[in-house]
Amino acid sequence: MFRRLKEYQFLLEELTKRDFRQKYKRTVLGVFWSVLSPLLTLFVMQLVFGNFFGQDMPHYTTYLFAGNLIFSYFRESTTLGMAALMGNADIFSKINIPKYMFVLSSNISSLINFLVTLVVFFLFAAFDGVVFSWRFLILIYPTLCLLVFNIGVGLILSAMFVFFRDTQYLYSVFTLLLMYVSAIFYQVTSFPIEIQRVFLLNPVYVYIKYFRLVVIENSIPSLAFNLLPLFWAIAAILIGGLIYKKNNQRFMYYV
């Protein structure tokens, strides 16, 4: 696969540039929306949930921002990935190129937005009194795992969308439900220990919790917890890769 990526590196770069430009086409603020959008969401969530869940929680703004940051990145990259095949059918139906390139390009575009917003997140954390340390470097690990996980989910969704157009509507409902079970604005410590373990079955929550442990609690997660982001990333990319390999030729008959 890495050999194929090297072979089609120029194509991947051009697709990424195109996806990035199209996202902000004909907008006044352009790329600044990648920062402004999560900030507006943070403001609304702080206004709505701050008085209910944040009164006795230190660094609640950072806690809320971390959850919203990770969830927004997941939702954006997977939603764009879902439409990657159908949106580029006119290209791969005429030219024989790896179809997963379109999912990769949309994910790289989302990753750029995420990294820009991550800088703003660190600034907010500093204003919120969070103590910075060398442990923040370990955030590279869950970020890479999340990138692979998002690509895997994007592969799965894009294949489903080709065969079942209802996928886009069902996924919007699913992400709404996922937002409420990812502990973005509340703490899971208020639940019994058995329920807290159930939350670990939600990969998005795992990535959110990892960021919070490092940034807010200034601690390195245990070895067992470190394996969870990797597990979800490998599982998603393997499933997505197998689906693409099995249906590579069938895609042509449904687009």
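Q: Taking buried to mean under 20% relative accessible area and exposed to mean over 50%, is Ile184 buried or exposed in this predicted model?
A: Ile184 sits in the loop that links α9 to α10. Its relative accessibility is 1%. That value is under the 20% cut-off, so Ile184 counts as buried.

Q: How far is Ile184 from Tyr205, C-alpha to C-alpha?
A: Along the chain, the two residues are 21 residues apart. Ile184 belongs to the loop between α9 and α10, while Tyr205 is one of the buried residues of α11. In space, the separation of their C-alpha atoms is 8.2 Å.

Q: What pattern does the protein follow along its sequence?
A: Let's count the elements before reading them in order. There are 13 helices and zero strands. Read along the sequence, the pattern is therefore helix after helix, with no strand to interrupt it: α-α-α-α-α-α-α-α-α-α-α-α-α.

Q: Among contacts between residues at least 6 apart in sequence, what percentage join residues at least 24 apart?
A: For background, the protein has 255 residues, and buried ones make up 46% of them. Now take the contacts whose partners are at least 6 apart in sequence, and ask how many join residues at least 24 apart. That share is 77%.

Q: How far apart are the end C-alpha atoms of α4?
A: Helix α4 runs over residues 60-82, and it has 23 residues. At 1.5 Å a residue, a span of 33 Å is expected. The model agrees with this, since the end C-alpha atoms are separated by 33 Å.

Q: Which residue's side chain makes a polar contact with the side chain of Thr78?
A: Thr78 is part of α4, a helix that is mostly covered, with 18 of its 23 residues buried. Thr78 itself is buried, at a relative accessible area of 0%. Beyond its neighbours within four places in sequence, it is in contact with Asn150, Val153, Leu157 and Tyr171. The side-chain polar contact, at 2.6 Å, is with Tyr171.

Q: At roughly what angle do the axes of α4 and α8 cross?
A: Two packed helices are described by the angle between their axes and the distance between the axes. For α4 and α8, the axes come within 7 Å. The crossing is right-handed, and its angle is roughly 35°.

Q: How many charged residues are in the contact of α4 with α8?
A: On the α4 side, the residues are Ile70, Tyr73, Phe74, Ser77, Thr78, Gly81 and Met82. They meet a set in α8 that includes Leu146, Phe149, Asn150, Val153 and Phe161. The contact divides into 10 nonpolar residues and six polar ones, and the number of charged residues is zero.

Q: How far apart in space are Val162 and Met86, C-alpha to C-alpha?
A: Val162 has its place in helix α8 and counts as buried at 0% relative accessibility. In sequence, Val162 and Met86 are 76 residues apart. Their C-alpha distance is 6.5 Å.

Q: How many of the residues of α11 are buried?
A: Helix α11 covers residues 203-215, and its buried residues include Tyr207, Phe211 and Arg212. These buried residues pack against α4, α7, α8, α9, α10 and α12. The helix is largely enclosed by the rest of the structure because, of its 13 residues, the number buried is 12.

Q: Which residue's side-chain oxygen reaches the backbone nitrogen of Val204?
A: This contact is found at the start of α11. Val204 is among the buried residues of that helix. Its backbone nitrogen lies within 3.1 Å of a side-chain oxygen of Asn202.

Q: What is the expected span of α12?
A: Helix α12 takes in residues 223-247, and its buried residues include Phe225, Trp232, Gly240 and Tyr244. It has 25 residues, and its end C-alpha atoms are 37 Å apart. At 1.5 Å a residue, this agrees with the expected span of 36 Å.

Q: What is phi of Ala183 near?
A: Most residues other than glycine have a negative phi. Ala183, in the loop between α9 and α10, has a positive value and is buried at 0% relative accessibility. Phi of Ala183 is near 55°.

Q: Is His59 buried, exposed or partly exposed?
A: His59 is found in the loop between α3 and α4, and its phi is positive, near 55°. Its relative accessible area is 23%. That falls between the cut-offs of 20% and 50%, so His59 is partly exposed.

Conventions
Residues numbered from 1 in each chain as written. Predicted model: local features only at pLDDT ≥ 70, side-chain atom pairs only at ≥ 80, totals over all residues. Heavy atoms only, no water. Helix = DSSP H or I, 4+ residues; strand = E, 2+ residues; numbered from the N terminus. Buried < 20%, exposed > 50% of the residue type's maximum accessible area, 1.4 Å probe, protein only. Polar contact = N/O pair within 3.5 Å; in protein donor to acceptor, adjacent residues only side chain to side chain. Contact = heavy atoms within 4.5 Å. Expected span 1.5 Å × (residues − 1). Axes fitted to C-alpha atoms, helices over the stretch in contact; angles between N-to-C directions. Left-handed = near helix turned anticlockwise from the far one by under 90°. Nonpolar A, V, L, I, M, F, W, Y, C, P; charged D, E, K, R; others polar.
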